[in-house]
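Grab a pencil and work through a few short exercises. Each one comes with a solution you can follow step by step.

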Amino acid sequence: MSIIDHPLILGENLSLEPFPQQSPDAASSTVLIVGGGVTGLINAWVLLDRGYHVTVVSKEWASFTDQQRLTSQIAGALWEFPPAVCGQHTDILSLQKSKHWCMVAYNIWAAIASNPSLAALAGVQMRASNFFFPCPIEELPAQHHKMEEIAAAGVRGFSRSAESIHKHGIDPRYGAVDAYEHLAPVIDTDRCMEWLMLLVQSKGAKFHTETITSDLFSQEQELLDRFSADVILNCSGLSALLLAGDKTCYPLRGALIRVINDGKDFPKVESSLAITADAAQDNEIVFIVPRNDNILLIGGVAQPGRWDLDLTLDSPEIKRMRARAEAFLPSLKHARVDPEYPIAQGLRPAREKNIRVERELRTRTMDLHGEPTEEPSRIIHDYGHGGSGWSLSFGCAADVANLVEDVLHNLPASKMKLQEKDVMENVRTPAPLDQRL
């Protein structure tokens, strides 16, 4: 059933309880999810609450040491209305669908943040998010259109005022002359990944550590048999290059400097501050986000095709990134880097046509009573989110849940396309969480 009639809403058809909203039984179908990042875990949550058995297979899981962390943990995790600040969201179909997906996620993250104890557990806060421009926004047609869509979409706390420049201590010599702000979820990814893992396990998900290195389609039946699964969901991020045979996938290297934001070295930054790629000097973004109560993230870079993770505080691009932030917000010149974790870097899972949420389109020719017939695959894909995995998470997962039903009913696969629910006016804003729990 289409989520235009039954949108995914926390407290209605998505539960925070440590057990599934619909309990599975021995006859319930099993979904094998490949990928243990935020996309895989959010999908697991949604599917568990719909009464499926879920097994998550991943080569690695969220970690909280000085070792390289998952891409989901490296993310800035500031909710953004697409296209995101890094400026890599260009496919028209994906972009339009993302405007619906992001609002589904916005409403759920906002509901989580509205409950103080839950917000602390999940690491989710609603903060003012400010965007600055070097000219009146009307002179930047794409940004002006985006601003109007944000104002109309139900995003909370929207206002436009150049007073934000002075209010936040932005150096006028940097060239910012116009601005708007709205409330946006900001997610402490380490804390939230830990919370999500515990939540889906409590709901019955099984975790299995394994590295899968070849096309899922070529080993589909073997995986279905080995994990007693009925559907395979590919949430492998950048690994879709191999697991989906998708040669359009590529890394978009990113990095963030982590500084102490305790108010001792500079006035504590309580709001997110950003200049988008198409409005920035030399197409280099400014991205300043309070991760939690004591850490401020300074970014950013977006380097397509770079696989190496060898950036340091002395790397030229990192020095430029910090210099941009300090020129923009001069108080940061006094910032101390986090001595335990000074720089976070990772590979955003980008794709030429951006996000793919659709069934596997390849089929197998089967012999049915002596006649060849095309058998649809039981694989579903949810990857290519670039830097927007947290922003789009629940919206994509809601669509995936519908595709699971299609697979189980043996319906033919079709390419991703716009539907009525993808039109912005059809996005429903739910009631506050405390009115629904």
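**Exercise 1: strand β10 and its neighbours**

Strand β9 (residues 272–275) and β10 run antiparallel to each other and pair over three bridges. Keep in mind that this is a predicted model.

Task: Find the bridge partner of Leu273 in β10, then work out how β10 is joined to β11.

Solution:
- Start on the β9 side: Leu273 has Ile288 of β10 as its bridge partner.
- Now go to β11: four bridges join β10 to β11, and the two run antiparallel.
- For a concrete pair, take Val289, whose bridge partner in β11 is Leu297.
- Finally, look at the connection: β10 and β11 make a hairpin, with four residues between them.

**Exercise 2: the two faces of β10**

Task: Decide which residues of β10 sit on each side, and whether they are buried or exposed.

Solution:
- In a regular strand, side chains alternate between the two faces of the sheet.
- On one side you'll find Val286, Ile288 and Pro290, and on the other Phe287 and Val289.
- Both faces are covered, with every one of these residues buried.
- That fits the count for the strand (residues 286–290): five of its five residues are buried.

**Exercise 3: backbone oddities**

Task: Look at Ser228 and Asn354; what is the sign of phi in each, and is each residue buried or exposed?

Solution:
- Most residues other than glycine have a negative phi, and most peptide bonds are trans.
- Ser228 isn't a glycine, yet its phi is positive, about 50°. Its place is the loop between α8 (220–226) and β7 (231–234).
- Asn354 also has a positive phi, near 65°, and lies in the loop between β13 (343–351) and β14 (356–359).
- Ser228 has 57% relative accessibility, so it counts as exposed.
- Asn354 comes out at a relative accessible area of 6%, so it is buried.
- While you're at it, check two cis peptide bonds: one runs from Pro82 to Pro83, and another joins Gly299 and Gly300.

**Exercise 4: the surroundings of Ser72**

Task: Which backbone atom does the side chain of Ser72 reach, and which residues does Ser72 touch?

Solution:
- Locate Ser72 in helix α2 (residues 71–74).
- Check its exposure: the relative accessible area is 13%, and buried means under 20%, so Ser72 is buried.
- Follow the side chain of Ser72 to the backbone nitrogen of Val38, at 2.9 Å.
- Leaving out residues up to four places away in sequence, Ser72 touches Gly37, Val38, Thr189, Met193 and Trp390.

Notes
Residues numbered from 1 in each chain as written. Predicted model: local features only at pLDDT ≥ 70, side-chain atom pairs only at ≥ 80, totals over all residues. Heavy atoms only, no water. Buried < 20%, exposed > 50% of the residue type's maximum accessible area, 1.4 Å probe, protein only. Polar contact = N/O pair within 3.5 Å; in protein donor to acceptor, adjacent residues only side chain to side chain. Contact = heavy atoms within 4.5 Å. Pairing = 2+ DSSP bridges.
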